[in-house]
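Visitor: I am new to this structure and would be grateful for a close look at a single part of it. Please take the salt bridges as the subject, and set them in their surroundings.

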Amino acid sequence: MTTAGARWNPSAIPSQAGKTIVVTGANAGLGFFTSEQLARAGASVVLACRNQSRADAAARAIRARVPGAAVGTLALDVASLDSVRAASAELLNLERIDGLVLNAGIVHPPRRREFSADGLELVLATNYLGHFALTAELLPALLRTPGSRVVALGSMISRLLDSPLDDLQLAGGYQPWRAYAQSKIAMQVFGFELDRRLRAASASVASAEAAGHPARTSAFVAHPGYSIGGRTPRVAGVNEPSRLKRFVDNLQAPITQGKDRGAWSIVRAVADPAAHGGQYWGPRYIIKGQPRLQAPSATSLDRAIAERVWRESEALTGTEFTI
């Protein structure tokens, strides 16, 4: 069994055979490599993506790289609450959901404030609110799957830029990187609060875990460090950086890593049998390296902020998220 401080071997991930894992935004970047690594470990992976043709290309690439991989696709635009509900209705037909990786998002925010089809600030809607609603919708499937895990994608930007999240939609003034930072801080706040609520709702956790049966659904937060496309292996139809991007990104080699390695923290949160809910996983050196347990920002763990953001998220998405 792997311990929290042990070196993580991405080529020897504990078997995920028999497990079904849903990864949002799985057609490229971190989502693709997370899906590939989990499929290689034997999981049945659902690539939940906005663009069907890109999802199909990603599925073909995984099957080519992982003989016998069990990979399916599902249409999901996390910036659309209608799409979230339609995709959730399909996913609830699955016998089990062992893992839900909340990965899809906007990395490069628009220069000006834009809105989703539901009238929500676009970066927040894509990176966080859609995932909040998706998790709420899929809770029945997660709860009926013993030991299921939700992994929320945070970011090291939470160490660089902080926010009390008192203006989630940035009505008081929009700045692109503030929008991105807030969305990721909100995601971290959500991940930790979700685990607290799941823990509180599970009265039999102590006896179940003592008996060796990890029955409780749990939540984790993971971040990929500074992971960029030009340092990532080429995958036809999925990751094909230009020579110029390769050159520019490799100038940053000492402080960056590929997205294949950025996925390690996510995969460890999903697959490490020794991991437990409420943990924060990220690269050893913050920006790169083997996945290790880390200390999240104070804001990410602030209960008052979490309660307020949870209530506002329910109101903005029209979702009653009761555990």
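**A network of salt bridges**

Guide: Five residues, Glu193, Arg196, Arg197, Arg303 and Glu307, are joined to one another in a network of salt bridges. The model is a predicted one, and the count for it comes to 14 salt bridges.

Within the network, one pair can be followed in detail. The side chains of Glu193 and Arg196 meet in a salt bridge, with 2.8 Å from N to O. Glu193 and Arg196 are three residues apart in helix α5, so about one helical turn separates them. The surroundings of the two partners can be described in turn. Glu193 has a relative accessible area of 1% and is therefore buried, because buried means under 20%. Arg196 has a relative accessible area of 22% and is therefore partly exposed.

A second pair belongs to helix α1. There the side chains of Arg40 and Glu36 form a salt bridge, at 3.1 Å from N to O. Both residues lie in helix α1, four residues apart, which is about one turn of the helix. Arg40, at 46% relative accessibility, counts as partly exposed. Glu36, at 4% relative accessibility, counts as buried.

A third pair is found in helix α7. Lys245 makes a salt bridge with Asp249, and their closest N and O atoms are 3.0 Å apart. Lys245 and Asp249 both lie in helix α7, with their positions four residues apart in the count, about one turn of the helix. Lys245 is partly exposed, its relative accessible area being 37%, whereas Asp249 is buried, with a value of 6%.

The helices of these pairs also lead to another feature, the largest pocket. This pocket holds about 1,400 Å³ of space. Among the elements that give two or more residues to its lining are α1 (29-40), α5 (176-201) and α7 (243-250). The strand β2 (44-49) and the helix α4 (122-143) are also elements that contribute two or more residues to the lining. In total, 47 residues line the largest pocket, and Gly105, Ile106, Val107, His108 and Lys259 lie nearest its centre. By character, the lining divides into 21 nonpolar, 18 polar and eight charged residues.

To return to the starting point, the network links Glu193 and Arg196 with Arg197, Arg303 and Glu307. The pair Glu193 and Arg196 lies in helix α5, and α5 is one of the elements that give two or more residues to the lining of the largest pocket.

How values were computed: Residues numbered from 1 in each chain as written. Predicted model: local features only at pLDDT ≥ 70, side-chain atom pairs only at ≥ 80, totals over all residues. Heavy atoms only, no water. 1 Å grid on protein atoms, 1.4 Å probe; cavity = no way out; pocket = protein on both sides within 12 Å on 5 of 7 lines; lining within 4 Å. Points joined across faces, edges and corners; volume = space filled by probe spheres on them. Nonpolar A, V, L, I, M, F, W, Y, C, P; charged D, E, K, R; others polar. Salt bridge = Lys/Arg side-chain N within 4 Å of Asp/Glu carboxyl O. Buried < 20%, exposed > 50% of the residue type's maximum accessible area, 1.4 Å probe, protein only.
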